[in-house]
Amino acid sequence: MRKACLIYLKEKVRNCLFQNKYYLSEMTMRKVVLFLIFLLPVSLLLAQSSFINHHLTKPAPADIKATIQTINLYNNLTRLLNKGIMIGHQDDLAYGVGWKYVPGKSDVKEITGDYPAVYGWELGNLELGLGHNLDSVPFTKMKQFIRQGYERGGVITISWHSSNPLTAKSAWDTTHGGVEAVLPGGNKHELDKEWLDKLASFMLSLKGRKGELIPILFRPYHELTGNWFWWTKNTCTAEDFKQLWRFTVDYLWNDKKVHNLLYVYNTADFSDKNDFLKRYPGDDYVDVISFDAYQFGDPNSNDAFVKNVDYRLGIIEEVAKERNKIPAFAETGYEAIPYAEWWTKTLWKVIANHKISYVLLWRNAGLLSSGKCHYYIPQKGDTSEKDFKKFYNLDKTLFEKDVAKEKLYNSN
Ligand code: BMA
């Protein structure tokens, strides 16, 4: 039977491949047939694996050793893209306009009765070994607030205005050469590792009730297309920026064993898709893609904010789809919100057209030494208070009660 099959196959091969034009010895024919028989399963396997890669592989965090809660968060954020947009607030639990460190208090909750879905925190100054961040929030308190938000089911995101390693001055010190200096071989490389050690021990100290690490959306080297930080595009080449990012992430993964972070790539303005991706460190190093943009001026007479944000959200949605990433609007706001319907007629008008994971409103600092009243969530009696409630009540704006139901850290 085997012999008959082989003879039949040999005849077929002779006819199909060579159309009896060439003489091939019995021995050669036998080798050709055996080779084809061997090729079949191999090509099937190859076809199958590339099919799996392209169509069936579930998107996963860049960190192949991500903790289970981090993987669950990543999957749930992806799932939630079809449900609505999470609304976040920077430093929400620490202070608001006219108050500081009042247990349970939040300016978002004062107006809506609910906490934000996303809590933003900031680590600038941690690298210097100080006990509080650059906006005076003690790190010990910050850890407690992070835990509270997480235990209630909210999402935590952290930015890091780290000091310029060349001068130890602030993140806004744009003395050139900082990025080059921290790369391997640079004269601030060892200092950079010391700073990253402090960052790692902070991240590894964030734990839930059962001792599990709290997953964090980490947004380092943010607004990278701007020209106001030591890592932004005026100070370093695109290649150096990519190396900076990759070194940081590799060091946290491999040397410090930090596996509770999802990495947020974040730009300021950008002109098109190429511009957005010019300094992108690669799909293996990024989970969330985002940009920051603020409203200035009167939205009644100038619709630049809506137009620009709409255009840019369209681009990041497209990139996110192509690369299996989660799109987000990582920072926005309208200082003191002087326009009564900004929430529903400006912000919602533009974000409602897009599938993005979250939007984070900046901090409610109150009166700054500059004399400005710096806040982004309305106060009771403010002109946009009513509209913020309306915004809260929209089906697709998600606050903490909505996301708590989704159990973002469990597998669903
Ligand atoms: C800026 C302002 C500053 C603050 C900095 C970092 O947008 O809010 O007051 O120090 O962010 O949080």
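1. How far is an oxygen atom of the ligand from an N or O atom in the side chain of Arg 363? The gap is 2.8 Å, which fits a polar contact (a pair of N or O atoms within 3.5 Å). The protein also covers 75% of the 310 Å² of accessible area that the ligand has on its own, by the Shrake-Rupley method with a 1.4 Å probe.

2. A quick word on the source: this is a predicted model, where local features need pLDDT of at least 70, side-chain atom pairs count only at pLDDT 80 or more, and totals for chains, interfaces and linings use all residues. Residues are numbered from 1 along each chain as its sequence is written, and side-chain values use heavy atoms, with hydrogens and water left out.

3. Now look around the ligand: Asp 135, His 161, Trp 172, Trp 362, Arg 363 and His 374 surround it, each with a heavy atom within 4 Å. By class, this shell has 2 nonpolar, 2 polar and 2 charged residues; Trp counts as nonpolar, Asp and Arg as charged, and His falls among the polar ones.

4. Two more side chains have an N or O atom by a ligand oxygen: for Asp 135 the distance is 2.5 Å, and for Trp 362 it is 3.0 Å.

5. Elsewhere, check Tyr 150 and Tyr 409: their ring centres are 4.7 Å apart and their planes meet at 65°, so the pair is edge-to-face (centres within 6.5 Å; planes over 60 degrees apart). Tyr 150 sits in helix H5 (residues 139–151) and Tyr 409 in the segment after helix H13 (400–406), 259 residues apart; helices here are DSSP runs (H or I, at least four residues), numbered from the N terminus.

Note on methods:
Polar contact = N/O pair within 3.5 Å; in protein donor to acceptor, adjacent residues only side chain to side chain. Phe/Tyr/Trp six-rings, centres within 6.5 Å; stacked < 30°, edge-to-face > 60°. Helix = DSSP H or I, 4+ residues; strand = E, 2+ residues; numbered from the N terminus.
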